[in-house]
Amino acid sequence: MVGMSEELMKKAYSEAMKAHKSETFRLDNKSSKDVVIFSFPGSWSVQDWYSKGPFGATEINQEFFPSLRSIGNNEFATVNEAFQERFKLIMDKSQLQKEVLNAVNKKQVIFTGHSSGGAIAMLATIWLLEKCRKENYPFRPYCVTFGSPLVGNFIFSHALRREKWSNQFIHFVMRYDIVPRVLLSPLSGDLQQQFQQVLDSFKQQSKKGQANIVEEAPSFFKEVMINALKTTSHVACKLKESTNPLLETLEGFIEFSPYRPFGTYIFCNGPGNIVTLKNPDAVLQFLFYFSQPSSDRDDEAIRRSLSDHFDYAKSLNQQPVVSLDSLEELHRVNMINQAFDEFGVDVKGRLCLLAAGESEKRKERNKNKIDSKEDMKNALAEIETYRKMWEGHKVGYYDAFKLQKKQEDFKANVKRLELGIKEWVDLGTGFRRLVEPLDIANFYQHQKNDDSGAYMGNRGRPKRYRYTQRWREHEKGMEKDSSGESCFWAEVEELLATGITPETSERAQKLVKQVEQWVEKEEIESDVFLSKTTFVKWWNGLPIKSDQIDKIVSDSSSSPAVTMSG
């Protein structure tokens, strides 16, 4: 089942349930010579689920989870604050780090947990995956959760897929279990009290195997599902690319849950089919529509919303598995339609799932466009030829393009505009280094800084350059803004215009140091230092000196000039 044996799944569940009697974590390193299992207990206090605000979300801890961010926007993920604080407490106050790092070089590590223990298991897994980026461990960790709540927002989910970590997470969800849906609802005063009653019942069941009667269960179940419907419907409208202006209006009045799923979800309905899903948009829709009772079975759904939370053992027996990841096949595969009938997913739910599938296909088509690079390679080759053409003229292609005196300059501008609308990733650094100087030259040639401010401001530098620079810095583990070799011309232009003042002196010194580093790493071309370039004009007026740059400028100036006809 999803790359892990039934026996190992059962062992993980057993450890997850035993962990409820532990305070921080439970370690099983003796049952298998190849696998070690770390399991975490659930918490039965509402304060350990919601810290503050309607949803209890906060920015991710960048020290523990540096990869959980949108690289292009440089925006970090948000996470449930209470879960993150509890994880941090376990890391600080227990031997978890020591035990994990001792085991990871010898055995396959599995993190597991039931209820909110699953949330801690997810964070522990990501923490170790971050370690795997830097260390050559023989195995990536796995995470198996049972009835776990959601943990982070869409950036959280996106980052895990980008890093190719998402397949390390396996989540079991029973049909009516309320816990995987609970964070789709904000915590109002009444709902907080009702939730505490639910948690008290869970605590009793985790310790003694018998739950208390929860009088507020019906109203709690209905309130959570109403709020879940708001979020899933809002997301479904966006997946269907609805242009209704009411969507934006609603966002101003209704606060939707920020939490989104990630990983492989295994939806269980007791004896019968098991459904697996990886598409996070589809999982979100299924979390709602899978839990909807038929019109005459509301009481059963309410009762099972609590009892299902401790009823995962039966779902681990070998049963028929139906994968819904090929969502475009839903309308023609009888087996899948039969599974939907058994799971009670109505027509509206199926349409929302199809919309999620179509959205995933659009993303795949965009990725395929990015992977097709021939047009970009040809255009880049033409601009590279243009750059080399000016090497012997003491000017360099940056200043030649800025002057726009020859037909070749016009042709380069055409290629610059063609490349500006391409979707690309892998060639981003070469694209940025070759094309951005021309965009900067165009920007200052037309004095756009008078209207929109400096090129490096919020309105000047295009996203295609900012994003690819951040991608490179992320992939190579570089400091933020250290890969600005393609945009330093903009800083030269600004410093040249303002002159050296006490305010700009520090900026000039920083730029000189960066240029020295880029020269040493061969990340900028020698035509930058030709005698008639904007850079040399700025450099000659500086009180700051650099033997390294002086020598390059001197060598470039001593090269013979080439006369160009036309």
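**Figure 1. Lys10 and its salt-bridge partner Glu6 in the predicted model.** Lys10 counts as partly exposed here, with a relative accessibility of 36%. Its partner Glu6 is partly exposed too, at a relative accessible area of 25%. The closest N and O atoms of the two side chains are 3.1 Å apart. Why can these two meet along helix α1? Both sit in this helix, residues 6–18, and because they are four residues apart, about one helical turn separates them.

**Figure 2. A salt bridge between Glu81 and Lys52.** In this view the side chains come together with an N to O distance of 3.6 Å. Glu81 belongs to helix α2 (residues 81–93), while Lys52 sits in the loop between β2 (35–40) and β3 (57–59), so the bridge ties together parts that are 29 residues apart in sequence. Is each partner buried or exposed? Glu81 counts as buried, at 15% relative accessibility, whereas Lys52 is exposed, with a relative accessible area of 55%.

**Figure 3. Arg472 paired with Glu523.** The closest N and O atoms of this salt bridge lie 3.0 Å apart. Arg472 is part of helix α18 (residues 463–475), and Glu523 is in the loop between α20 (502–520) and α21 (534–540), so the pair ties together parts that are 51 residues apart in sequence. Both Arg472 and Glu523 are buried.

**Figure 4. A network of salt bridges.** Here you can look for Lys11, Glu15, Lys18, Arg26 and Asp28, which are linked in a network. For the model as a whole, the count comes to 20 salt bridges.

**Figure 5. Phe267 and the largest nonpolar core.** In soluble globular proteins, nonpolar side chains tend to be buried together. Which residues touch the most other members of the largest core? They are Phe156, Phe267 and Phe286, out of 98 residues in that core. Helix α4 (residues 116–134) supplies the largest share of the core, with 11 residues. Setting aside neighbours within four places in sequence, Phe267 is in contact with Val173, Asn273, Ile274, Val275, Leu277, Val283, Phe286, Leu287, Phe290 and Phe343. There is also a second, separate core, made of 40 residues, which includes Tyr397, Ala441, Tyr465 and Trp489.

**Figure 6. Helices α16 and α18 packed together.** Two packed helices are described by the angle between their axes and the distance between the axes. For α16 (residues 428–445) and α18, the angle is about 145° and the axes are 10 Å apart. The crossing of α16 past α18 is left-handed. From α16, the residues taking part are Gly428, Thr429, Phe431, Arg432, Arg433, Val435, Glu436 and Asp439. They meet Arg464, Tyr465, Thr468, Gln469 and Arg472 in α18. How many residues of each class make up this contact? There are three nonpolar, four polar and six charged residues. Two of the names from α18 will be familiar by now: Arg472 takes part in the salt bridge with Glu523, and Tyr465 is included in the second core.

**Figure 7. The whole chain, as a setting for the close-ups.** The protein chain has 22 helices and 12 strands. Of its 566 residues, 51% are buried. Among the contacts with a separation of 6 or more, 75% join residues that are 24 or more positions apart.

Note on methods
Residues numbered from 1 in each chain as written. Predicted model: local features only at pLDDT ≥ 70, side-chain atom pairs only at ≥ 80, totals over all residues. Heavy atoms only, no water. Salt bridge = Lys/Arg side-chain N within 4 Å of Asp/Glu carboxyl O. Buried < 20%, exposed > 50% of the residue type's maximum accessible area, 1.4 Å probe, protein only. Core = buried A, V, L, I, M, F, W, Y, C linked by side-chain atoms within 4.5 Å. Contact = heavy atoms within 4.5 Å. Axes fitted to C-alpha atoms, helices over the stretch in contact; angles between N-to-C directions. Left-handed = near helix turned anticlockwise from the far one by under 90°. Nonpolar A, V, L, I, M, F, W, Y, C, P; charged D, E, K, R; others polar.
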